[in-house]
2 protein chains.
Amino acid sequence: MTQEPQNEEKKPRRNAAATRRKILSAAKEEFAQAGFEGARVDRIADRAGVNKNMLYHYFGSKDSLFSKVLDDAYRDIRQNEAALELDHLPAPEAVMALVEFSWDYYLKHPEFIRLLNAENQQKGRHVKSSAETNDINRTHLDRMREILKRGATDGTLRDDIDPVQLNISIAALGFFYLINQHTLSTVYQRDLMSPDELAERLRVMKDTIRCWVVRQH
Amino acid sequence: MTQEPQNEEKKPRRNAAATRRKILSAAKEEFAQAGFEGARVDRIADRAGVNKNMLYHYFGSKDSLFSKVLDDAYRDIRQNEAALELDHLPAPEAVMALVEFSWDYYLKHPEFIRLLNAENQQKGRHVKSSAETNDINRTHLDRMREILKRGATDGTLRDDIDPVQLNISIAALGFFYLINQHTLSTVYQRDLMSPDELAERLRVMKDTIRCWVVRQH
DNA sequence: GAACTAACTAACCAGATAGTTAATTAATTG
DNA sequence: CAATTAATTAACTATCTGGTTAGTTAGTTC
């Protein structure tokens with residue numbers, strides 16, 4: 001009894017699942033902070049509190065580890081997005097909800113945009129070979145297509161909006177602001193990350209997108 | 001006479017100005033391609049066809065060299081922008097001209113957006129200490145402020161548009177599309193860099209911004 | 001409880017990395 | 001033309017890099 005404490009979770013000295021999890025979490029942080037080339041395998045191991053060889057044991061290489069981190073990141077944002085209940089909303093409000101969602105998600109998960117950035121610096125070579133991520137994003141596009149169709153039919157939205165262009169613009173307005181916060185804050189001499197400025201940016205984004213997609217009467 | 005050819009430019013074996021220029025040009029390419037951490041000092045020297053120590057002789061360090069490259073990039077885009085003759089245009093058209101300019105400039109100078117990206121990955125630490133870049137960008141903001149004031153006065157533009165937000169949105173819609181072209185093309189399964197798609201993106205950007213800034217009558 | 005498997009560790013490696021040193025040589029100047 | 005200065009080179013260094021090797025040890029299975 002004394003050997004196995006009962007009211008604490010058991011701490012086996014070996015735990016493959018936990019080790020994998022710790023590595024993935026540490027890798028996400030490190031890749032987001034430093035980019036792919038800037039990330040250091042030793043630093044990931046240190047952050048995870050794990051021997052460096054464990055990364056190679058479980059993931060094979062720095063590249064494969066990054067691919068896994070990226071896949072997980074895409075899955076998480078799309079799962080959260082899919083959890084929104086948009087079907088009962090009027091089409092214009094559904095679009096506004098998506099603008100708000102992507103902004104909130106970027107703010108809550110700053111590592112997401114940095115990982116995407118890192119991947120594009122690598123010319124998207126990891127994401128190209130991920131069938132899963134491709135599936136995930138296809139349904140994401142389909143959802144927007146549905147909303148636009150619904151809005152075009154009931155006359156609330158324009159009928160000539162390309163869902164790809166719209167998705168890109170929604171992401172762009174928030175993503176660019178956040179990823180370039182350092183140069184922008186310096187150049188425009190304003191703390192663009194203050195709560196007031198963040199709220200204002202969301203207002204501008206919604207205003208801009210609404211104006212573009214809503215049918216003018 | 002035969003020693004110094006007259007109809008060719010002289011090629012002195014030593015040429016400080018030319019060496020500096022070659023280093024800066026090579027550094028711009030390398031930093032844009034690989035980011036700050038990913039860039040290799042040896043590769044810059046090779047590209048420039050110059051001994052590595054020349055970089056240290058003229059620029060002191062990898063960091064200072066990057067700062068210089070970044071400053072030059074900002075100066076170039078703002079100089080080109082300032083050369084536009086916008087005063088005689090109606091305010092809405094002046095805004096459209098600026099949307100078109102930034103898009104064309106990004107396409108013509110893909111290294112510019114990649115350098116900005118690299119700098120933000122470095123948390124903007126180089127640009128913070130560049131007084132010149134700050135000056136350059138202040139006049140860039142003033143120009144937009146003037147256009148908005150003119151448009152608000154003559155009733156063609158809304159009078160509640162923040163020039164900072166507008167500048168950011170204009171940059172965002174193009175910048176994001178281009179910097180993330182690899183993941184976006186994969187995810188949406190479309191070659192977003194084909195001439196047709198590029199033209200369509202400019203159309204969407206102009207449509208979006210016009211709709212937001214123009215006063216609805 | 002012996003045999004086996006998978007988790008884990010430590011020490012190591014070859015090549016790369018930013019930056020330095022010290023000497024050489026071409027242009028300039030008085 | 002001698003002295004000086006600035007451009008240029010090659011060789012070097014200490015440290016870091018992703019990845020490997022070879023072994024040890026904790027759980028599991030039969």
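**Notebook: two chains and two DNA strands**

I started with the classes of residue near DNA strand C: seven nonpolar, six polar and eight charged. Note to self: this is a predicted model.

**Entry: DNA strand C**

Next I looked up who sits around this strand. I found 21 residues surrounding DNA strand C, and the closest are A:Arg14, A:Thr19, B:Arg14, B:Arg40 and B:Lys52. On the DNA side, sugar and phosphate make up 56% of the strand C atoms that come within 4 Å of the protein.

Then I went through some single contacts. B:Arg40 has a polar side-chain atom 2.5 Å from a phosphate oxygen of DNA strand C. B:Ala39 uses a polar backbone atom instead, 3.1 Å from a phosphate oxygen of the strand. For a base, I noted A:Asn51: an N or O atom of its side chain is 3.3 Å from a base nitrogen of DNA strand C.

Which elements give two or more residues to the surface near DNA strand C? I listed helix 1 (16-38) and helix 3 (52-59) from chain A, plus helix 2 (41-48) and helix 3 (52-59) from chain B. Helix 3 of chain A gives the most, with four residues.

**Entry: DNA strand D**

I repeated the search here. Around DNA strand D there are 21 residues, with A:Arg13, A:Arg14, A:Arg40, A:Lys52 and B:Asn53 coming nearest. Sugar and phosphate account for 56% of the strand D atoms within 4 Å of the protein.

I wrote down three contacts for this strand. A:Arg40 puts a polar side-chain atom 2.5 Å from a phosphate oxygen of DNA strand D. The side chain of A:Tyr56 has an N or O atom 2.9 Å from a phosphate oxygen. With B:Tyr58, the partner of the side-chain N or O atom is a sugar or linking oxygen of DNA strand D, at 3.5 Å.

The elements giving two or more residues near DNA strand D are helix 2 (41-48) and helix 3 of chain A, along with helix 1 and helix 3 of chain B. Helix 3 of chain B gives the most here, with four residues. By class I got seven nonpolar, six polar and eight charged residues.

**Entry: how the chains relate**

I laid chain B on chain A: a turn of 180° with a shift of 0.0 Å along the axis does it, at an RMSD of 0.0 Å. That is how a two-fold axis relates copies. I also saw that 100% of the interface residues of chain B are interface residues in chain A too, so the copies meet through the same surface.

**Entry: the contact between chains**

How many residues does the contact take from each chain? I got 57 from chain B and 57 from chain A. The two chains bury about 5100 Å² between them, 54% of it on carbon and sulfur atoms. In chain B, the residues losing the most area to chain A are B:Asn120, B:Phe176 and B:Tyr188, together 13% of what that side buries.

I counted five salt bridges across this interface. One of them joins the side chains of B:Arg158 and A:Asp207, at 3.1 Å from N to O. On the chain B side, helix 8 gives the most residues to the contact, 12. That side divides into 22 nonpolar, 21 polar and 14 charged residues.

**Entry: one salt bridge inside chain A**

Over all chains I found 41 salt bridges. A:Arg78 and A:Glu81 form one, with their closest N and O atoms 3.4 Å apart. These two are three residues apart in helix 4 (residues 62-82) of chain A, so about one helical turn separates A:Arg78 from A:Glu81.

Terms used. Residues are numbered from 1 along each chain as its sequence is written. Chains are lettered from A and ligands numbered from 1 in the order in which they are written. This is a predicted model: local features need pLDDT of at least 70, side-chain atom pairs count only at pLDDT 80 or more; totals for chains, interfaces and linings use all residues. Side-chain values use heavy atoms; hydrogens and water are left out. Copies are superposed by least squares on the C-alpha atoms of residues with pLDDT of at least 70 in both. Contact means heavy atoms within 4.5 Å. A residue is near a molecule or strand if one of its heavy atoms lies within 4 Å of it. A polar contact is a pair of N or O atoms within 3.5 Å; within protein, one must be able to donate a hydrogen and the other to accept it, and residues adjacent in sequence count only if both atoms are side-chain atoms. Ala, Val, Leu, Ile, Met, Phe, Trp, Tyr, Cys and Pro count as nonpolar, Asp, Glu, Lys and Arg as charged, and the others, Gly among them, as polar. Buried area is the accessible area (1.4 Å probe) that two parts lose on being put together, summed over both. A salt bridge is a side-chain nitrogen of Lys or Arg within 4 Å of a carboxyl oxygen of Asp or Glu.
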